[in-house]
Amino acid sequence: MIGWYGESDKSFAEEERELTVYNVAGGRLVEFASRLKTTGGKIRVDGDPQHAGFQFRAANDVDKTKKQTYFLHPDGKGKLGETRNWDPKTKEGPVNLPWYAMSFVLDDQRYTICYLNHPSNPKDTRFSERDYGRFGGYFTQDITEDRPLVVTYRLWLQTGEMTAEQASALRTAFASPPKIVVK
């Protein structure tokens with residue numbers, strides 16, 4: 001449980017976060033869920049593309065190898081050291097990506113992390129990335145007592161590179177998990 005406090009040291013929201021990490025064959029799966037509710041009155045969740053929302057940040061030493069970092073998007077693999085960012089002034093850049101991945105080098109080993117955005121999360125999610133090992137997305141939303149904010153994300157971390165097909169399969173498994181039907 002996390003309390004959100006304003007300038008007057010009065011609580012204006014409460015957040016319940018759940019973080020689960022699984023050590024599975026081929027990598028690590030991180031599941032993140034959050035439920036944010038107001039403690040009285042409407043609040044607006046907002047921010048900027050670099051700091052708000054759900055972000056991943058690799059170890060600081062990725063800054064030393066940032067020219068070897070690249071991003072994999074649903075529309076293809078980016079160039080080494082190249083980034084895409086949603087721009088608040090022009091309103092252009094990546095929005096509502098179902099998934100995207102960052103591949104970086106740390107201690108002479110390449111790793112890839114895939115960011116999976118659940119389809120039930122609010123829209124428009126605006127994305128940003130930095131070659132030093134940070135990427136993620138945020139959105140704006142009003143929260144009321146009868147409409148709390150509920151989000152869920154997954155991160156898949158692995159040694160080596162990843163293909164777009166692998167990332168897409170991870171997103172499909174997240175968005176449409178198997179269902180048990182009892183007859």
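**Exercise 1: an unusual peptide bond**

D124 sits in the loop between β9 and β10 (126-130). Work out which residue is joined to D124 by a cis peptide bond, and what omega is there.

*Solution.* First, some ground rules: this is a predicted model, where local features need pLDDT of at least 70, side-chain atom pairs count only at pLDDT 80 or more, and totals for chains, interfaces and linings use all residues. Residues are numbered from 1 along each chain as its sequence is written, and side-chain values use heavy atoms, with hydrogens and water left out.

Now step back one residue from D124: the cis bond joins K123 and D124, with omega at about -5°. For background, most peptide bonds are trans, and most residues other than glycine have a negative phi.

**Exercise 2: positive phi values**

Two non-glycine residues to check are K91 and D107. For each, find phi, then decide: buried or exposed?

*Solution.* Start with K91, in the loop between β7 (76-77) and β8. Its phi is near 65°, a positive value. K91 has a relative accessible area of 57%, so it counts as exposed (buried means under 20%, exposed over 50%, partly exposed in between, with a 1.4 Å probe and protein chains only).

Next comes D107, in the loop between β8 and β9. Here phi is near 50°, again positive. With a relative accessible area of 65%, D107 is exposed.

**Exercise 3: the overall fold**

Count the helices and strands and give their order. Then ask how the radius of gyration of the chain stands against the globule rule.

*Solution.* Count first: there are 13 strands and 1 helix (DSSP runs numbered from the N terminus; helices are H or I with at least four residues, strands are E with at least two). Reading along the sequence gives β-β-β-β-β-β-β-β-β-β-β-β-β-α.

Then check the size. The radius of gyration is 18 Å, close to the 16 Å that the globule rule gives for 183 residues, so the chain is as compact as a globular protein of that length. (The radius is taken over C-alpha atoms, and the rule is 2.2 Å times the number of residues to the power 0.38.) Along its principal axes, the C-alpha trace spans about 55 × 50 × 30 Å.

Finally, look at burial and contacts. Of the 183 residues, 40% count as buried. Among contacts with a separation of 6 or more, 65% come from residues 24 or more positions apart (contact means heavy atoms within 4.5 Å).

**Exercise 4: the nonpolar core**

Find how many residues make up the largest nonpolar core, and which element supplies its largest share.

*Solution.* The core has 36 residues, and those with the most contacts inside it are Y100, C114, Y115 and F135. (Such a core is a set of buried Ala, Val, Leu, Ile, Met, Phe, Trp, Tyr and Cys residues joined through side-chain atoms within 4.5 Å.) Elements giving at least two core residues each include β3 (27-38), β8 (99-106), β9 (109-117), β13 (149-159) and α1 (164-175). β8 takes the largest share, with 6 residues.

Zoom in on Y115: leaving out residues up to four places away in sequence, its contacts include F54, W99, Y100, F127, F135 and Y153. As a general point, nonpolar side chains tend to be buried together in soluble globular proteins.

**Exercise 5: distance in sequence versus distance in space**

For R126, L157, D63 and A169, set a sequence gap beside a C-alpha separation.

*Solution.* Take R126 in strand β10, which counts as buried at 16% relative accessibility. R126 and D48 are 78 residues apart along the chain, with C-alpha atoms separated by 9.1 Å. Beyond four places in sequence, R126 touches W86, P94, V95, G136, G137, Y138 and T140.

L157 in β13 is partly exposed at 26%. N23 is 134 residues from L157 in sequence and 9.9 Å away in space. The contacts of L157 outside its four-place neighbourhood include G26, V30, F56 and I113.

D63, in the loop between β5 and β6, is partly exposed at 38%. D63 and G6 are 57 residues apart in sequence, and 34 Å apart between C-alpha atoms.

Last is A169 in helix α1, partly exposed at 45%. I143 is 26 residues from A169 along the chain, with a C-alpha separation of 32 Å.
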